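Reader: I've just opened this one and I'm new to it. Can you walk me through the reasoning behind the labels?

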Amino acid sequence: MRQRFDTWAAGDAYERYMGRWSRLVAQEFVPWLGCGDGLRWLDVGCGTGALTAMVVARCRPRAVVGLDRSAGFVASARASARAPASFVVADALALPVRDGGCDVAVSALVLNFLPAPDTAMAEAVRVVRPGGLVAAYVWDYAQGMPFLRHFWDAAAAVDPSAASLDEGRRFAWCRPDRLRALWEGAGLADVVVAPVEVPAVFAGFADLWEPFLSGQGPAPGYVAALGPATRDRVRDTLRQALPVQPDGSIALTARAWAVRGRRPARPYPYPSPAL
């Protein structure tokens with residue numbers, strides 16, 4: 001069941017909270033895929049279009065379509081899109097793409113928010129051609145997102161019930177072994193999983209804290225639901241726990257796990273025997 005705080009809709013709020021770090025990961029992720037020019041791409045759960053924009057910038061695609069269930073995110077993505085990118089409102093569990101209709105299907109930070117990841121994977125495999133690539137990246141919520149780790153530790157210290165909302169506890173698809181199993185279970189070959197770590201530097205405490213007030217996503221949604229006194233206690237507990245530099249900045253990192261695999265060129269390694 002989806003938690004009531006797992007809501008993403010406002011593009012500007014998402015960009016300040018998580019999108020800025022996702023863009024940095026996309027810069028590493030797209031070259032890691034090793035794809036050539038002139039391919040047809042599908043960005044599943046495109047959000048505000050960070051990954052789509054990187055595909056356009058780096059890969060000279062023949063076409064790239066970003067889709068997301070959030071009309072607000074799609075509107076944000078369209079506002080800054082460059083040709084040949086286009087965007088549609090659609091569901092990752094029922095992709096509006098014909099079988100084998102694209103060369104590459106990618107997604108960024110989506111799997112843990114889908115009600116049926118296995119169904120989404122089956123759809124991604126269906127829409128790529130034989131030999132095509134299915135790839136994604138997700139945050140390492142369990143161990144690789146220090147600003148979230150500090151936040152949830154502070155929240156649980158003030159409100160023990162907050163521990164049950166911690167993405168590191170809740171989300172299965174933030175560990176490399178689980179991602180590999182999901183990709184291989186979908187029938188993909190040549191599966192590779194790798195970490196991508198980027199700097200997450202905040203100009204000051206306000207730069208880190210204010211995005212938590214947006215209501216977008218699990219942690220900000222939790223903060224928005226708190227009463228003023230409890231919210232202030234969480235804020236102050238978090239501030240005390242952070243490694244603040246002499247200039248007031250806070251230098252952390254953000255780690256994602258990237259995974260890729262190919263749809264087999266044919267269903268069997270050898271021609272099936274004649275019946």
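Author: Happy to, and keep in mind that the model is predicted. Let's begin with E123, which has a relative accessibility of 14%.

Reader: Why is E123 called buried?

Author: Buried means under 20% relative accessible area. E123 comes in at 14%, so it counts as buried. You'll find E123 in helix 4, residues 117–127, and beyond its sequence neighbours it touches A92, L93, A94 and L95.

Reader: How do you know whether C102 is buried or exposed?

Author: Same approach: the cut-off for buried is under 20%, and C102 has a relative accessible area of 4%, so it is buried. C102 lies in strand 4, residues 102–108. Leaving aside neighbours within four places in sequence, C102 is in contact with R40, L42, V127, V128 and R129. One of those contacts, L42, is 60 residues apart from C102 along the chain, with 6.8 Å between the C-alpha atoms.

Reader: And V65, what makes it partly exposed?

Author: Partly exposed covers the range between under 20% and over 50%. V65 has 26%, so partly exposed is the label that fits. V65 sits in strand 2, residues 63–68, and its contacts further off in sequence are W41, L42, D43, S86 and V88.

Reader: D43 is on that list. How do you know that D43 has no salt bridge?

Author: A salt bridge needs a side-chain nitrogen of Lys or Arg within 4 Å of a carboxyl oxygen of Asp or Glu. For D43, the nearest side chain of opposite charge is R23, at 9.7 Å, and D43 is buried without a salt bridge. D43 does have a polar partner, though: its side chain makes a polar contact with the side chain of T52 at 2.7 Å. The cut-off for that label is 3.5 Å. D43 belongs to strand 1, residues 40–44.

Reader: T52 is in helix 2, I see. Why is helix 2 described as largely enclosed?

Author: Seven of its 10 residues are buried, so helix 2 (residues 50–59) is largely enclosed by the rest of the structure. The buried ones are A50, L51, T52, M54, V55, V56 and C59. Just after helix 2, R60 takes a positive phi of about 45°.

Reader: What makes the pair Y17 and F212 edge-to-face?

Author: Two checks. Ring centres must lie within 6.5 Å to pair, and planes over 60 degrees apart count as edge-to-face. For Y17 and F212 the centres are 5.6 Å apart and the planes are at 65°, so the pair is edge-to-face. Y17 is in helix 1 and F212 is in the loop between helix 8 and helix 9, 195 residues apart. Both Y17 and F212 are buried.

Reader: How do you know that Y141 and F171 are edge-to-face as well?

Author: Run the numbers again: 5.4 Å centre to centre and 65° between the planes, against cut-offs of 6.5 Å and 60 degrees. Y141 and F171 are 30 residues apart, each in a loop, and both are buried.

Reader: Which residues are in the cluster linked by ring pairs?

Author: Y17, W21, F147, F151, W152, F202, F205, W209, F212 and Y222. F147 and F151 also stand out in the largest nonpolar core: of its 66 residues, these two touch the most other members. Helix 1 gives this core its largest share, nine residues. There's also a second, separate core of 29 residues, including A90, A120, M121 and V138.

Key:
Residues numbered from 1 in each chain as written. Predicted model: local features only at pLDDT ≥ 70, side-chain atom pairs only at ≥ 80, totals over all residues. Heavy atoms only, no water. Helix = DSSP H or I, 4+ residues; strand = E, 2+ residues; numbered from the N terminus. Buried < 20%, exposed > 50% of the residue type's maximum accessible area, 1.4 Å probe, protein only. Contact = heavy atoms within 4.5 Å. Core = buried A, V, L, I, M, F, W, Y, C linked by side-chain atoms within 4.5 Å. Lys, Arg positive; Asp, Glu negative; His and termini not counted. Polar contact = N/O pair within 3.5 Å; in protein donor to acceptor, adjacent residues only side chain to side chain. Phe/Tyr/Trp six-rings, centres within 6.5 Å; stacked < 30°, edge-to-face > 60°.
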